[in-house]
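Here is an informal walk through a structure you may not have met before. Have a look at the sequence and the 3D view, and then we can go through some of the details together.

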Amino acid sequence: MKYFIILFFLYFIITLSGCENKEENNILFEKNNVIADTVTKTITELSTQSSESLPEFKGIQELKGKTGSSAVNNKECCYQPFCYDDRAVYFANPRDNQYLYSYDGENLRLLADMPVYCLNCLDGMIYFLSNGSQLNPLDLITVQGYLYSYDILNEKLTCLTDYTVSNLFVSDRGILYLQESGGHEAVYRLDESTGESIFMYDCYSIMDYHGYYIHHAYRNGRINYFITDGSDSYQLPIEGISRNDCISDGKYYYRIQGKRSLNIIDLTNGEWFDIEVPKGKSIWDYTVFNGEVYLLLGGYLFVYREGEFINMNEEIQFENIYIGRDCLYGLGEKYAGNERREYDFYKLIVEEGGVRGEKFT
């Protein structure tokens with residue numbers, strides 16, 4: 001279940017990777033390859049550099065672009081069955097073989113009759129992975145699949161690769177994913193004009209914030225975490241093995257394996273703090289909506305507000321929660337006999353005193 005993720009991290013603890021850009025023209029394409037080479041060299045140097053020689057991280061002073069991605073719905077190493085744009089939400093329908101569906105608040109529509117996961121949405125396109133098989137939503141270990149795109153306006157489905165990849169992350173800086181290289185995973189970018197994979201660098205992380213890359217390095221028996229743009233590099237104040245990492249509103253969220261807390265680093269000023277959950281509770285998932293942190297504690301929805309955890313819904317147990325354009329969404333679960341689980345998606349409307357769930361699958 002969720003604890004299998006530590007096995008995934010231990011397997012990739014020595015490899016470690018990061019990301020780059022989706023070319024819109026030849027100039028940008030060449031520029032991004034130069035940046036990738038610089039970042040690759042920097043990450044290699046950081047693997048042997050003493051952390052004491054790096055400046056203290058006090059935030060990113062100069063922003064260098066934008067990610068264009070609702071990254072809070074795309075936590076690393078997770079199932080990722082959900083994404084959205086300003087028209088609808090798009091998801092793997094658990095009531096129909098995990099096929100690709102859309103929901104605009106009123107209408108539920110089948111888009112592609114194939115199981116999908118690792119959903120990303122950008123500029124009228126949905127990107128996802130599929131290997132033709134349904135996945136267990138409880139299994140957070142990365143699954144290999146072929147890369148597809150779906151043109152929402154023209155209703156066109158296209159297979160973009162004839163090789164399998166994992167951990168898809170799409171932004172205006174590129175279509176990025178993990179692919180095997182030399183017996184381990186590394187980050188690659190898709191050249192959409194040729195369908196070829198372009199090696200980015202050898203570090204296990206795809207997260208990109210304004211041209212800075214968060215990555216891991218295993219040295220002297222421990223994992224160190226860095227953020228770099230190829231010239232400026234800083235060590236982040238992270239102790240332990242992070243998981244369920246994501247970025248939202250300029251903040252880097254992560255959880256440390258074995259601890260009952262959600263950890264946050266403000267990438268604009270370097271400040272960091274923890275949200276420690278009450279004893280007897282465990283975090284199943286979290287998201288950020290309208291500047292507030294929502295958490296699933298033991299499957300039930302809470303909001304963290306002014307230092308307190310407020311129970312928002314005691315009726316429905318959720319496996320995961322997500323944000324859409326103007327509301328929350330949840331993947332609810334229930335037992336259906338013989339230890340079989342059934343899942344449904346819910347639209348969650350935040351009201352005074354709680355959250356009202358409307359099932360739409």
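In what sense do β17 and strand β18 pair, and over how many bridges? They run antiparallel, and five bridges hold the pairing. Keep in mind as you read on that this is a predicted model.

**The four-stranded sheet**

That pairing is part of an open sheet of four strands, laid out in the order β17-β18-β19-β20 with antiparallel pairing. The edges are β17 (242-248) and β20 (272-276), each of which pairs on one side only. From one strand to the next, the twist averages 20°. If you'd like a single spot to find in the viewer, try I247: its bridge partner in β18 is Y252. Strand β18 itself covers residues 251-256.

**The nonpolar cores**

Now for the inside. In soluble globular proteins, nonpolar side chains tend to be buried together. Here the largest nonpolar core has 35 residues. Y90, L100, I126, F128, L147, L168 and Y177 are the ones with the most contacts inside that core. Quite a list of strands feeds into this core with at least two residues each, including β2 (89-93), β4 (108-115), β7 (146-151) and β11 (184-191). Also on that list are β5 (117-122), β6 (125-130), β9 (166-171) and β10 (174-181).

There is a second core too, separate from that one, with 29 residues. Among its members are V277, I283, V293 and M312.

**Salt bridges**

Side chains of opposite charge can pair when their charged atoms come close. In this model the count comes to 12 salt bridges. Here are three of them, with the distance given from N to O:

| Salt bridge | N to O distance |
|---|---|
| R95 and D344 | 2.8 Å |
| E155 and R109 | 3.3 Å |
| R356 and E351 | 2.9 Å |

Where do R95 and D344 sit in the chain? R95 is in the loop between β2 and β3 (99-103), while D344 is in strand β27 (residues 341-351), so this pair links distant parts of the chain, 249 residues apart. Are the two partners buried or exposed? R95 is partly exposed, because its relative accessible area is 41%. D344 is buried, because its relative accessible area is 4%, and the cut-off for buried is under 20%.

The pair of E155 and R109 ties together parts that are 46 residues apart in sequence, because E155 lies in the loop between β7 and β8 (156-159) and R109 lies in strand β4. R109 has 38% relative accessibility, so it counts as partly exposed.

As for R356 and E351, R356 is partly exposed at 35% relative accessibility, and E351 is partly exposed at 36%. Salt bridges can also join up into a network, as you can see with D85, D86 and R87.

**Aromatic rings**

A pair of aromatic rings is described by the distance of the centres and the angle of the planes. The structure holds 18 aromatic pairs. Take F82 and Y329: why is this pair called tilted? The ring centres are 5.2 Å apart and the planes stand at 40°, and the tilted class takes in planes that are neither under 30 degrees apart nor over 60. F82 is in strand β1 (residues 82-84) and Y329 is in strand β26 (residues 328-335), so the pair links parts of the chain that are 247 residues apart. F82 is buried, with a relative accessible area of 0%, and Y329 counts as buried at 5%.

Y304 and F309 make another tilted pair, because their centres are 5.0 Å apart and their planes are at 55°. Y304 counts as partly exposed, at 25% relative accessibility.

F82 turns up again in a cluster joined by ring pairs: F82, F91, Y101, Y103, Y322, Y329, F345 and F360. A ring can have a charged neighbour as well, and K75 lies over the face of Y286, at 4.7 Å from the ring centre.

**One last residue**

Finally, find N313 in strand β24 (residues 308-313). N313 counts as buried, at 7% relative accessibility. Y300 is 13 residues away from N313 along the chain, and the C-alpha atoms of the two are separated by 6.6 Å.

Methods
Residues are numbered from 1 along each chain as its sequence is written. This is a predicted model: local features need pLDDT of at least 70, side-chain atom pairs count only at pLDDT 80 or more; totals for chains, interfaces and linings use all residues. Side-chain values use heavy atoms; hydrogens and water are left out. A nonpolar core is a set of buried Ala, Val, Leu, Ile, Met, Phe, Trp, Tyr and Cys residues joined through side-chain atoms within 4.5 Å. Buried means under 20% relative accessible area, exposed over 50%, partly exposed in between (1.4 Å probe, protein chains only). Two strands pair if DSSP finds at least two bridges between them. Axes are lines fitted to C-alpha atoms, for helices over the stretch in contact, and angles run from 0 to 180 degrees between N-to-C directions. A salt bridge is a side-chain nitrogen of Lys or Arg within 4 Å of a carboxyl oxygen of Asp or Glu. Rings of Phe, Tyr and Trp (its six-membered ring) pair if their centres lie within 6.5 Å; planes under 30 degrees apart count as stacked, over 60 as edge-to-face and the rest as tilted. A charge sits over a ring if NZ of Lys or CZ of Arg is within 6 Å of the ring centre and within 35 degrees of the ring normal.
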